[in-house]
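Here are my notes from a read through this one, as numbered points. Have the viewer open while you go through them.

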Amino acid sequence: MLPRIEHVIEKVKLYNPSSDDKLIQRAYLFSAMAHEGQTRYSGEPYLIHPIAVADILAQLKADDIALVAGLLHDVVEDNHSVNLPEIQKRFGLEVAHIVEGLTKIEEKLPGGERKEWATLRKVILAMAGDIRVILVKLADRLHNLRTMEALPAEKRPAKAKETLEIYAPIAYRLGLGKMKTELEDLSFRYGFPDDYEKLTTALSSKRSYSDGFLEETRVTLEKILSDLQVKGEVKGRTKHLYSIFQKLKRQAIAVEQVYDYMAFRILVGDVRDCYAVLGGIHTLWKPIPGRFKDFIAIPKDNHYRSLHTSVVGANGQPFEIQIRTWQMHAEAENGIAAHWKYKEGRLTKEDEEATNAWLKQLDEIRQGSQSSAEFVQNLRLDLFPKEVYVFTPKGAVMSFPRGATPIDFAYAVHTQIGNRCTGAKINGKLVPLKTQLNSGDRVEIVTSPNGKPSRDWLDSVVTSRAINKIKSWLNQQEKERAIEIGKASLDRECRRLKVHLKEAQESGLLAEVLKKLALADLDVLYAEIGYGKIAARTIARRLVPGSETVQSSITEPRMEPSKGAPIVVRGASDLLTTLAKCCKPIRGDEIVGFISRGKGLVVHRANCKNLQRLAYNPDRILEVAWELPSQAAPTLHDVPVTLHTEDRPGMVASVTKIVSDSKAGIRHIEGVLTGGGEGRIKLILAVRDKSHLSQILRQFSKLAGVVEVRRDIR
C-alpha cells in the first residue's frame, strides 16, 4: 500500500506526541505543488517518492526537521522556480541547510571531476553540519532501491554499487542495522542479478529443512529461558542474502558448504540475563572455537552491543545465536535514531559525542583529499567494517579494519606517534611494521626523534587516516626539497644574468612576476621551479631591469613540445620526457606526467597503478598530451602482447601474417606449449598508436583457436 501523509503523521505522533503536524502538512502541500505534473520512471506521480521518504524517516523516529526536509529534498533540484531562500523563508534555516546539502551538483566541474563524486562529497560535508542530512539521504536511497525495478536496467548496477560501497556502510556506521541489511540485499539483487538469482535458487532447496530446524531449535531455546527463569523472546531466521554472498566470495566456497546460514536472536531484559542464557546454551551445545564475540564488554565502533556465539546442534548443524537486551536490539535496528531527543532536536550526549568523533574523522578525510575522487576513495576506506579489536599498553580498546598494521595503530593514537614510529611490539614481541593485527593483540609502538615515514608504508596501511597522514608528510618533505632546489636554480640563473633578487623585490618587479604567475609568494615560486613546472632561466630573464614581464609564456601556460618522447607539456618546454616502463603508454592512451628527480618528466598511463601510488604529491603531476604524429616518420611504440591459444598447426604463422598485413613490426616473438593441448605466444609489436594496436588485437581474437588476447601492462 502506498503511504499517505496522514499515515506518516499518525506514525510520528506515536513516538513524538508534540510533533508539529501542521508544519509537516505545509511541507507536503509545498512538495505537491513543486512536483505537480512530474512522474517517476514507473509512471507514478513523483509525489509518491517524498512521502515514502518521510515514511521511512518516521520508521526511524526522526524529528520534524528531518521529516520536512524529506518531503522537500528534491524540490529545488526538480523545480527551478523554487530556490533555497524560499525554502528557508517558509520552513527555516535548518530545513534549507539539509535540502541544500542533498541537492545534486548540475553545473560542469573543472578538471574533469565527476558530478556524482562531487555531489557525494557535498552530502557528506553537509552531514558534518547536521547529521539529519545523511538520514534523509539514506531514506531517499532506500526508497529508490525499493522501486529500482522501474529504472532502466543499464542504470541499476552503478546505483547498486555506490550503495554497497558508500551508503550501506554509512548506515552501518550510524548503527542502522535494519536499513543496512535492506540496502545491501536490494543492491545485491539489482547490482548482481545473476548471482542473486543463483543464490536464491540454491537456498530455496534448503528452505523446507531450514523451516523445520528453525522451529525445533526455537522451542529448545525457549526451554533454556524457561529453565533459567529468564523472560525473553526467541526469533529464528536465515542470514540475509548479501551476507551469505559475501561469505561465499571471501571463503571461495559453494552454497552447499555454508552451514551456518541460519541464526537465532534472543532478546532479554538485562545484561545479567544475557550472560546467563549464554551459559545455558554452551551447556547444551558445543561452542565452535573462535566464534564467540562479546560486543557487550567491547562494543563495535558503531556502538552495537550483543553477544554472538556459534554452536553445533545435535544433528551436527552449525548455527549462530545472538543474545542482547531489548534496548540493545532497538539501538542495533535504529542506531542513533533510537536516542534522538525530539523536543531538543538533538542526539543524547553519548551518541552526540560518538557521532562528532566520526564527523571529525570525515573532516580529516576532506582536508587530506585533493579531489572529489580521492575524497570518495578515502571515504570508502574509512567505512570498512572495523573487525579487529586490539589493546593499547594501558588496556584501552581500539578497532581497525581487517589488514590493519601497527602503522595504522600508531597514526590512530596520534599523528606524531605515527611520524616517529620506528618499530612495534605485539604481545611483548618485536615485529615488522607491516605485520597484520589480530583481535586481542596488545600493541605498543616504538618511536624515535629521528623516525620518519617511508613511502613504502603506503603499501602496508588500510585506514584513511594513516594514508592521509603519510601522504601529507611525504608531500611536505618533497615540497621543502623542491623549494631548496628551486632557490638554488634561480640564484644560479640570477648570478649568470647579474640580476639581484633583493633589488627585484624592492623595485616591485618580482611581485609583478609572481602576480602574473598567480603565485602567492617566493617559496611557491621556488617550489614550482624545483618541481620543474617553471624554468629558472625564464624567471631570471623577467627580473632583468627593463625587461617585459607581461608575456604569454608567463600569463598563459601553453602545451609546449618536450625533449625526448613525442609529448607536449603544459607550461614547460625544456623538460626531458620519457615513457614509463611500468605501463608502457602508447599514442592514444590517456596519459599523465609525473616529475621524477633525476629522470625528468615520466609519462604514465592515467590508470597506471604506480602512478596511483605516486599521486600523494599532486604538485609533481603535469598535464601532458601526445604531439601530432609526424607524417614523414611516425613514432613506433613497442607493445608486449600475449595470446593464449589451442595447440594448432600454423598458429604462429597466422599471427605473423596478421601483423604483416597490418603494416606493424615484430621486435620479438616466442611460442611455447603449456600442456593440456594449449599454448602461449608472446610478442613485442611495433605499432603507430592505440588504434593501430586495437585493430591488430581484434584480428588476433578472430583467429580460430585463440582463447585470450591481452596487452601486457601493469
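1. Which side chains meet in a salt bridge at 3.0 Å, N to O? Keep in mind that this is a predicted model. The pair is Arg-496 and Glu-493. Both residues sit in helix 21, which spans residues 464-496, and they are three residues apart, about one turn of the helix. Their surroundings are worth a look too: Arg-496 is partly exposed at 45% relative accessibility, whereas Glu-493 counts as buried with a relative accessible area of 12%.

2. Staying in helix 21, have a look at Arg-495, which belongs to that helix. Arg-495 counts as exposed, its relative accessibility being 59%. Its C-alpha atom is 9.1 Å from that of Ala-540, and the two residues are 45 positions apart along the chain.

3. Helix 21 also packs against helix 24 (residues 522-530), at an angle of about 90 degrees and with 7 Å between the axes. An angle from 65 to 115 degrees counts as roughly perpendicular, and so helix 21 and helix 24 are described that way. On the helix 21 side the contact uses Ala-482, Ile-483, Ile-485, Gly-486, Lys-487, Ser-489 and Leu-490. Helix 24 brings Asp-523, Leu-525, Tyr-526, Ala-527, Ile-529 and Gly-530. Sorted by class, this contact has eight nonpolar residues, three polar ones and two charged ones.

4. Compare that with helix 2 (residues 21-34) and helix 6 (residues 84-91). Here the angle is about 155 degrees and the axes are 11 Å apart. The cut-off for roughly antiparallel is over 145 degrees, which is why helix 2 is roughly antiparallel to helix 6. The crossing of helix 2 past helix 6 is right-handed. Leu-23, Arg-26, Ala-27 and Phe-30 make the contact from helix 2, and Glu-86, Ile-87, Arg-90 and Phe-91 make it from helix 6. The class count for helix 2 with helix 6 is five nonpolar, three charged and no polar residues.

5. Back to salt bridges, since the total for the model is 30. One of them joins Arg-132 to Glu-94, with 2.9 Å between the closest N and O atoms. Arg-132 is in helix 9 (residues 132-146) and Glu-94 in helix 7 (residues 93-102), so this pair ties together parts of the chain that are 38 residues apart in sequence. Arg-132 is buried, at 3% relative accessibility, while Glu-94 is partly exposed, at 42%. Try displaying Asp-63 and Asp-130 as well: together with Glu-94 and Arg-132 they are linked in a network of salt bridges.

6. How far apart in the chain are Asp-589 and Arg-711? They are 122 residues apart, and the pair links distant parts of the chain. Their side chains meet in a salt bridge with an N to O distance of 2.7 Å. Asp-589 comes from the loop between strand 17 (576-579) and strand 18 (591-596), and Arg-711 from strand 25 (residues 706-711). Both Asp-589 and Arg-711 are buried.

7. Two backbone spots to check. Lys-61 has a phi near 60 degrees, a positive value in a residue other than glycine. Lys-61 lies in the loop between helix 3 (48-59) and helix 4 (64-72), and at 38% relative accessibility it counts as partly exposed. Asn-427 also has a positive phi without being glycine, in this case near 55 degrees. You will find Asn-427 in the loop between strand 11 (421-426) and strand 12 (429-431).

8. Finally, some numbers for the whole chain. There are 29 helices and 25 strands. Of the 714 residues, 48% are buried. Taking the contacts with a separation of 6 or more, 65% are between residues 24 or more positions apart. The salt bridge of Asp-589 with Arg-711, two residues separated by 122 positions, is one long-range link to have on screen while you think about that figure.

Terms used. Residues numbered from 1 in each chain as written. Predicted model: local features only at pLDDT ≥ 70, side-chain atom pairs only at ≥ 80, totals over all residues. Heavy atoms only, no water. Axes fitted to C-alpha atoms, helices over the stretch in contact; angles between N-to-C directions. Helix = DSSP H or I, 4+ residues; strand = E, 2+ residues; numbered from the N terminus. Parallel < 35°, antiparallel > 145°, perpendicular 65-115°, else oblique. Left-handed = near helix turned anticlockwise from the far one by under 90°. Contact = heavy atoms within 4.5 Å. Nonpolar A, V, L, I, M, F, W, Y, C, P; charged D, E, K, R; others polar. Salt bridge = Lys/Arg side-chain N within 4 Å of Asp/Glu carboxyl O. Buried < 20%, exposed > 50% of the residue type's maximum accessible area, 1.4 Å probe, protein only.
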